[in-house]
Amino acid sequence: MINRRTFTATAVAGGAIALLGLSRKKVQAQADITAGNIVLVHGAYADGSCWSEVIRRLQKAGLKPTAVQNPLTSLADDVAATRRILALQDGPTVLVGHSWAGTVISEAGIDPKVSTLVYVAARAPDADEDYTALAAKFPTPPANAGLVHSGGFAQLSEEAFLRDFAGGVDLAKARVLYAVQGRVADTLFASRTTVAAWRSKPSWYAVSTQDRTTAPELEKFLANRMKANTIELESSHLSMITHPDEIANLILNAAGLSG
């Protein structure tokens, strides 16, 4: 395994890390524990199917990925759904969260089965932090203007979903994702974590530099704050769909696997 230090894209290209034959802008340390299980947690306005392309690649690499289906009704409910899946794992597990799910894995990630954490364009709040106040210090993402509220829940309008949330995704596929998007409780984002698992577990982060749902500047701040092993992708919010090779490769690194 690789010691905990940063390798540049040049080093990667030279073969320092070559899991799927991909180069990255920045890759840091390998996990100290090899994990065979991957638990993938989706964010708001999505469901577990958004991980399908990454799952296919992880299965090909011989790992056992499982996607959580979040109810998106409360932080407690989403954490409970994640813990149910973690309870089924038979050993060290990489816990991965996209977007809102970064909050979920920050709470659920203290589970002893979790060896490492991976954040994909994700929230990463500190314990009891007012994340909304933190995000307000950074540019307001365009997707915020596309929220539609009804009956205590919110979703993105079709225009905002296709343009700001799923930018770069094939249009036909993006429309399918829009049709199955998860509606979120109006109170969901006001939730606060009681712990920050990234303070005690090795963490990886994929920044989406073209993100219109979460400010890239905020993503970089969060990655730097947690001292995460970080890559930057020229991607929209859904990098696991537009860049599945890179995201799978990052997860493999977090699992302690290298070429």
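This passage describes a buried helix, a loop threonine and the aromatic pairs of a predicted model. Residues are numbered from 1 along each chain as its sequence is written. Local features require pLDDT of at least 70 and side-chain atom pairs pLDDT 80 or more, whereas totals for chains, interfaces and linings use all residues, and side-chain values use heavy atoms, without hydrogens and water.

Helix H10 spans residues 244–254, and 10 of its 11 residues are buried, so the helix is largely enclosed by the rest of the structure. Buried denotes under 20% relative accessible area, exposed over 50%, and partly exposed the range in between (1.4 Å probe, protein chains only). Helices (H or I, at least four residues) and strands (E, at least two) are DSSP runs, numbered from the N terminus. The buried residues of H10 include Pro-244, Glu-246, Asn-249 and Asn-253. Gly-256, which follows the helix, has a positive phi near 85°.

The largest nonpolar core (buried Ala, Val, Leu, Ile, Met, Phe, Trp, Tyr and Cys residues joined through side-chain atoms within 4.5 Å) comprises 78 residues, and Trp-51 and Ile-251 have the most contacts inside it. H10 supplies the largest share of this core, 6 residues. Contact is defined as heavy atoms within 4.5 Å. With neighbours within four places in sequence left aside, Ile-251 is in contact with Ile-38, Leu-40, Val-54, Leu-58, Val-94, Val-96 and Val-118.

Thr-213 is located in the loop between strand E10 (203–208) and helix H8 (216–225). Its relative accessibility is 12%, so Thr-213 counts as buried. A polar atom of the Thr-213 side chain lies 3.1 Å from the backbone oxygen of Asp-164. Residues touched by Thr-213, not counting those up to four places away in sequence, include Pro-141, Asn-144, Phe-165 and His-237.

The structure holds 6 aromatic pairs. Rings of Phe, Tyr and Trp (its six-membered ring) pair if their centres lie within 6.5 Å; planes under 30 degrees apart are stacked, over 60 edge-to-face, and the rest tilted. Trp-100 and Phe-189 form a tilted pair, because their ring centres are 5.7 Å apart and their planes stand at 55°. These two residues are 89 residues apart in the chain. Trp-100 is buried, with a relative accessible area of 1%, whereas Phe-189 is partly exposed at 22%. In a second pair, the ring centres of Phe-161 and Tyr-178 lie 5.6 Å apart with planes at 70°, so the arrangement is edge-to-face. Phe-161 belongs to helix H6 (residues 158–165) and Tyr-178 to helix H7 (residues 171–179). Ring pairs link both residues with Tyr-45 and Phe-165 into a cluster.

Methods
A polar contact is a pair of N or O atoms within 3.5 Å; within protein, one must be able to donate a hydrogen and the other to accept it, and residues adjacent in sequence count only if both atoms are side-chain atoms.
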